[in-house]
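User: I should like to learn how to read the features of a structural model in an orderly way. Could you take me through one, giving the general idea before each case?

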Amino acid sequence: MKKDCGDHEYCKRRRIIRRIIFGIILFIILVLLAILIVWLVLRPTKPQFYLQDARVLGFNLSAPNLLSSTIQITISSRNPNEQVGIYYDRLDVYAAYRNQQITPAYSIPSLYQGHKDIDVWSPYLSGSFVPIAPYLCTSLTQDEANGFLFLYVKIDGRLRWKVGSWTSDHYHIFVDCPAVLTFDNHAGGPVIRFQQMSTCSVDV
């Protein structure tokens, strides 16, 4: 036996509201499914970074455990994706020695990197009288005596992926670039030289 609703107008409105709500939910599910399919098909590949050069313009260790340094680096980034663009909303670059940051971070201006695009930056990383751990002073002295200096150029930032008119949420990006330098002794003091371009590790 069919249940009598009583107020037919009320029942009619309730059925219409239920259908509207069902339609909205179905539409949202279809949109999310379409985004998921596009994401799986175009699954973005993380960008590639290369440390092309590092010119040490100043590197001086003074008591008590203070390091002053000026390093100009040339670093490039390539977007390997054919259908996915990248918004770099924040890229902070700094130099590190044995996992300790030795220069303040340099902020690269925000930019959009298109498909297959390459961008190159040459910032100066400079720190004056930066306190470092005592054991690092010993390590630096030993490195100079051995003729080699191992630094890292690190990038900490946030990016977003862009597919067509859709843009993703923010993702954290961390880049680690090894820099192998040599000490060449001259009459005017040791000269620190960059050895070769290095490929950076990228974590997104």
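Analyst: The discussion below moves from the nonpolar core to the surface and then to the backbone. Please bear in mind that this is a predicted model.

User: How does one read a nonpolar core, and which residues of the largest one touch the most other members?

Analyst: A nonpolar core is a set of buried nonpolar residues joined through their side-chain atoms. Here the largest such core has 41 residues, and Phe-49 and Ile-73 touch the most other members. At least two residues each are supplied by strand 1 (48–62), strand 2 (66–78), strand 3 (85–97), helix 2 (134–146), strand 9 (148–163), strand 11 (171–186) and strand 12 (189–194). Strand 9 gives the most, with seven residues.

User: Which residues does Phe-49 touch, not counting those up to four places away in sequence?

Analyst: The partners of Phe-49 include the aromatic residues Tyr-88 and Trp-121. Ile-75, Ser-76 and Ser-77 are also among them, as are Ile-155, Ile-173 and Val-175. Further along the sequence, Phe-49 touches Thr-199, Cys-200 and Val-202.

User: Why is Leu-151 classed as buried?

Analyst: Burial is judged by relative accessible area, and the limit is under 20%. Leu-151 has a value of 4%, so this residue is buried. Leu-151 belongs to strand 9. Beyond its neighbours within four places in sequence, its contacts are Phe-59, Ile-71, Ala-96, Tyr-97, Ile-102, Cys-177, Pro-178, Ala-179 and Leu-181. One of these partners, Ala-96, is 55 residues away along the chain, yet the two C-alpha atoms are separated by 5.9 Å.

User: Pro-178 is in that list. What lies 2.7 Å from its backbone oxygen?

Analyst: A polar contact pairs N or O atoms within 3.5 Å. In this case a polar atom of the Ser-198 side chain lies 2.7 Å from the backbone oxygen of Pro-178. Ser-198 is in strand 13 (residues 198–199) and counts as buried because its relative accessibility is 12%. Apart from neighbours within four places in sequence, Ser-198 is in contact with Tyr-50, Leu-51 and Pro-178.

User: Turning to the surface, which residues make the nonpolar patch?

Analyst: A patch gathers residues with over 30% relative accessible area. This one covers about 810 Å² and consists of Ile-16, Ile-20, Ile-24, Phe-27, Ile-28, Val-31, Leu-32, Ile-35 and Trp-166. Helix 1 (residues 8–41) provides the largest share, eight residues. Ile-24 lies in helix 1 and, with a relative accessible area of 47%, is partly exposed.

User: Finally, how should I read the backbone, and where is the cis peptide bond?

Analyst: Most residues other than glycine have a negative phi, and most peptide bonds are trans, so departures from either pattern merit a look. The bond from Ala-63 to Pro-64 is cis, with omega near -10°. Pro-64 lies in the loop between strand 1 and strand 2, and that loop also holds Asn-65. Asn-65 has a positive phi, near 60°, and is partly exposed at 28% relative accessible area.

User: What is the phi of Lys-116, and is this residue buried or partly exposed?

Analyst: Lys-116 has a positive phi near 65° although it is not glycine. Its place is the loop between strand 6 (111–113) and strand 7 (118–121). With 39% relative accessibility, Lys-116 counts as partly exposed.

Key:
Residues are numbered from 1 along each chain as its sequence is written. This is a predicted model: local features need pLDDT of at least 70, side-chain atom pairs count only at pLDDT 80 or more; totals for chains, interfaces and linings use all residues. Side-chain values use heavy atoms; hydrogens and water are left out. A nonpolar core is a set of buried Ala, Val, Leu, Ile, Met, Phe, Trp, Tyr and Cys residues joined through side-chain atoms within 4.5 Å. Buried means under 20% relative accessible area, exposed over 50%, partly exposed in between (1.4 Å probe, protein chains only). Helices (H or I, at least four residues) and strands (E, at least two) are DSSP runs, numbered from the N terminus. Contact means heavy atoms within 4.5 Å. Patches are made of residues with over 30% relative accessible area and no salt bridge: like charges are joined within 9 Å, nonpolar side chains (Val, Leu, Ile, Met, Phe, Trp, Tyr) within 5 Å. Accessible areas come from the Shrake-Rupley method with a 1.4 Å probe; for residues, only the protein chains shown count as cover. A salt bridge is a side-chain nitrogen of Lys or Arg within 4 Å of a carboxyl oxygen of Asp or Glu. A polar contact is a pair of N or O atoms within 3.5 Å; within protein, one must be able to donate a hydrogen and the other to accept it, and residues adjacent in sequence count only if both atoms are side-chain atoms.
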